[in-house]
Structures are given as C-alpha cells and as structure tokens.
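Reader: I'm new to reading protein models. Could you walk me through one, feature by feature?

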Amino acid sequence: MLENGHSVFTLTNSPGLGHPLRERIDSVPFNFDQPDKLAHALAGVSVLINTYWVRFDHRRFNHATAVQNTMVLFTAAKRAGVERIVHVSITNPEEGSDLPYFHGKGRLERALRESGIAHTILRPAVLFGDGDILINNIAWALRRLPCFGVFGDGEYKLQPIHVEDFAALAVNESMTTGNRTVEAIGPETFTYRELAQMIGQSISCPRPVFSVPPWFGYVAGRMVGWWHNDEFITQEEITGLMQNRLHVDAPPAGRTKLSEWIKQNADSLGRTYANELARRQGARS
Ligand SMILES: NC(=O)c1ccc[n+]([C@@H]2O[C@H](COP(=O)([O-])OP(=O)(O)OC[C@H]3O[C@@H](n4cnc5c(N)ncnc54)[C@H](OP(=O)(O)O)[C@@H]3O)[C@@H](O)[C@H]2O)c1
C-alpha cells in the first residue's frame with residue numbers, strides 16, 4: 001500500500017511493539033470496548049484490511065470474543081464511512097461447524113455480507129513466510145525427534161500461500177469494486193504426510209513419518225506445549241485438518257512454492273521454536 005502511494009495506519013493490540021515500518025505507519029489501539037473511539041479512528045479511511053483473529057480458545061482470549069470484536073469493527077467501519085473491507089477468513093468456513101474457528105469465520109463472513117459494505121473475502125488455508133509458526137514448528141520437531149507422527153492416515157491436504165503473495169492479493173483487492181470471495185491458496189497441494197516428508201528432506205532431517213491416533217498426536221503436542229509454555233497444536237486444529245478444511249478445489253492465487261521457499265530457508269527453518277503465546281505476552285506488555 002505504501003509503495004502505491006497510499007497513507008496507511010494500523011489498528012493493533014500491540015502498538016508498543018517495534019516494527020521495521022514503524023516510522024512510516026502509525027499505530028492505533030483496537031479499542032473494541034470503545035466503539036466511538038474505534039469509529040473515530042476509522043474516519044476518512046477508504047479501505048480496511050482486516051487480519052484480526054485469534055488462533056485458539058485460551059483463558060485470556062477466545063473465538064467468541066474475537067467474533068464480537070470483529071462485529072464491533074465492521075459496525076465502526078460502516079459508521080465511519082469506510083468504502084471497502086478486505087477481510088481475511090479461512091478455507092471452508094462454516095457457521096454450522098462445531099469447530100469454533102470455522103464457525104466464527106463463517107459467522108463473520110455472513111456479518112460482512114449483511115453489512116452492505118463493499119468487500120472482498122480472502123480465504124487462505126495456511127500462510128508461510130518469515131515469522132511463520134506452523135511450518136517452522138514442524139521443522140523444529142523434525143530437527144529434534146527421531147521420527148514424526150501424523151494424525152490418522154495423514155492424507156488430508158493443505159495448500160500453503162506465501163505471506164507476500166497473500167499481501168499482494170490483499171492490496172489488489174483493496175483497489176477493486178463489488179463483492180468477491182477469493183480462495184487464497186498457493187500453487188502446491190500437499191497431504192499432511194507429504195508436507196512432513198518434504199520439510200524433513202529439505203532441511204536435511206529426513207525422518208520416518210508414521211500414522212498415530214489423533215489423541216496420541218494431541219498428547220504429544222501437549223507435552224511440547226508444556227515444555228514451551230505454549231499451545232503446539234489444539235484438538236480443534238487436528239480435527240479441522242483431518243476434516244480436510246485446509247483444502248479447496250480452486251485455482252491457485254499465489255505463485256511462490258513452499259517447497260522452493262523451504263529450500264531457500266533450510267538453514268534457519270525450525271532452528272528455534274516459534275511460540276504463539278509468548279508473542280501474545282509480548283503484545284500485552
Ligand atoms: N497463519 C495462518 O496460517 C492462517 C491460515 C488461515 C487463515 N489465517 C487468517 O489470517 C489472518 C492473520 O493470521 P495470522 O496468523 O497472520 O495472525 P496474527 O498476525 O497472529 O494476528 C493477526 C491480528 O490478530 C491479532 N491477534 C492475534 N491473536 C490475538 C490474541 N490472542 N489476542 C488479541 N489479538 C490477537 C493480532 O494482534 P496484534 O496487532 O497485537 O499483533 C493481529 O492484529 C487471520 O484472520 C487468520 O484467521 C491465517
């Protein structure tokens with residue numbers, strides 16, 4: 001957006017955290033609990049790109065609150081006269097799902113459609129790039145463990161998109177008109193088993209990949225989580241994966257191949273564990 005000459009500011013939960021673009025992008029707190037302030041902050045804004053969400057339910061945050069907060073954001077945007085919203089959802093959202101992530105995303109897609117604000121809904125499956133958590137932590141596990149377990153048969157699929165391809169898509173969509181929904185997937189499709197094998201080979205840690213019952217994989221993930229004071233993977237994430245929710249039958253929207261990106265980043269990927277909860281702690285302090 002900056003390269004295109006637009007002026008940009010960010011709404012964030014962590015205005016105090018340093019960022020390379022800090023000098024060029026003002027940051028404003030979300031103020032979900034003060035809708036008037038939020039609407040005031042959005043006055044004069046033509047496009048809102050919404051990435052706000054929480055990854056899992058936790059004692060400090062949860063999906064239900066994230067849904068409410070996002071509704072407050074949409075209402076504030078409407079009051080402020082925002083002309084377009086580019087909203088980040090996920091592949092296969094579904095209001096009827098009993099998985100709070102996919103239910104919440106489905107509910108918000110409906111809220112946005114009913115808002116009357118012109119919009120694009122972007123539905124990524126998995127993002128990868130610098131600062132990534134999921135792909136990095138699979139590599140982290142492959143570096144440390146003699147073997148790697150996949151939940152069940154491991155045949156459910158994922159279609160990762162590079163974060164810069166995704167950002168370019170969001171910028172393009174901010175300049176279109178009308179309402180659109182885009183399956184924001186990358187050019188490669190992997191089964192979860194293939195993904196683990198490919199990452200292992202690319203970082204020179206090829207490991208035997210075998211099936212484990214989902215409960216066993218969850219318990220192993222909990223142990224990693226206890227070790228790092230984090231959530232490595234939640235039961236809902238395992239169920240969502242196994243329901244094939246990170247796969248859609250659509251043309252790719254990104255060009256960068258995960259397999260090539262991993263080769264380019266093979267030396268650094270997975271060297272350190274990427275901790276979701278520590279990031280959130282940092283955001284609060
Ligand atoms: N990452 C993926 O693989 C993936 C896959 C499919 C869909 N998506 C979607 O893509 C969007 C961006 O995802 P991301 O992984 O890049 O998220 P992120 O950068 O970790 O977070 C995006 C925004 O949500 C806020 N946020 C995240 N967790 C929060 C928490 N626990 N409490 C309060 N605020 C929180 C962040 O706050 P700060 O401003 O403080 O950083 C930030 O404003 C989301 O809508 C997500 O559902 C991501």
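Author: We'll go through a sheet, a helix and the surroundings of a ligand. Keep in mind that this is a predicted model.

Reader: Okay, the sheet. In what order do the strands of the open sheet come?

Author: Read across the sheet, strand by strand. Here four strands run in the order E3-E4-E5-E10, with parallel pairing. From one strand to the next, the twist averages 15 degrees.

Reader: Why is one side of strand E3 and of strand E10 left without a neighbour in the sheet?

Author: Strand E3 (47-50) and strand E10 (180-184) stand at the edges and have a single partner strand each, so one side of each has no neighbour in the sheet.

Reader: And how many bridges join E4 to E5?

Author: Strands pair through bridges, and E4 (residues 84-88) and E5 (residues 118-124) are joined by five. One to look for: isoleucine 85 has histidine 119 in E5 as its bridge partner.

Reader: Now the helix. Which residues of H2 are buried?

Author: Count neighbours: 20 or more other C-beta atoms within 10 Å of a residue's own makes that residue buried. In H2 that holds for His63, Ala66, Val67, Thr70, Leu73, Phe74, Ala76 and Ala77. Their cover includes helix H1 (35-42), E3, E4 and helix H3 (100-115). Right after H2, glycine 81 has a positive phi of about 85 degrees.

Reader: Last one: which residues come nearest to the ligand?

Author: Start with the shell, then pick out the nearest. Around this ligand are 16 residues, of which Thr12, Asn13, Ser14, Trp53 and Val88 come nearest. By type, the shell has 11 nonpolar residues, four polar and one charged.

Definitions and conventions:
Residues are numbered from 1 along each chain as its sequence is written. This is a predicted model: local features need pLDDT of at least 70, side-chain atom pairs count only at pLDDT 80 or more; totals for chains, interfaces and linings use all residues. A residue is near a molecule or strand if its C-beta atom, placed from the backbone, lies within 6 Å of it. Ala, Val, Leu, Ile, Met, Phe, Trp, Tyr, Cys and Pro count as nonpolar, Asp, Glu, Lys and Arg as charged, and the others, Gly among them, as polar. Two strands pair if DSSP finds at least two bridges between them. Helices (H or I, at least four residues) and strands (E, at least two) are DSSP runs, numbered from the N terminus. Axes are lines fitted to C-alpha atoms, for helices over the stretch in contact, and angles run from 0 to 180 degrees between N-to-C directions. A residue is buried if 20 or more other C-beta atoms lie within 10 Å of its own, exposed if 12 or fewer, and partly exposed in between; C-beta atoms are placed from the backbone. Two residues are in contact if their C-beta atoms, placed from the backbone, lie within 7 Å.
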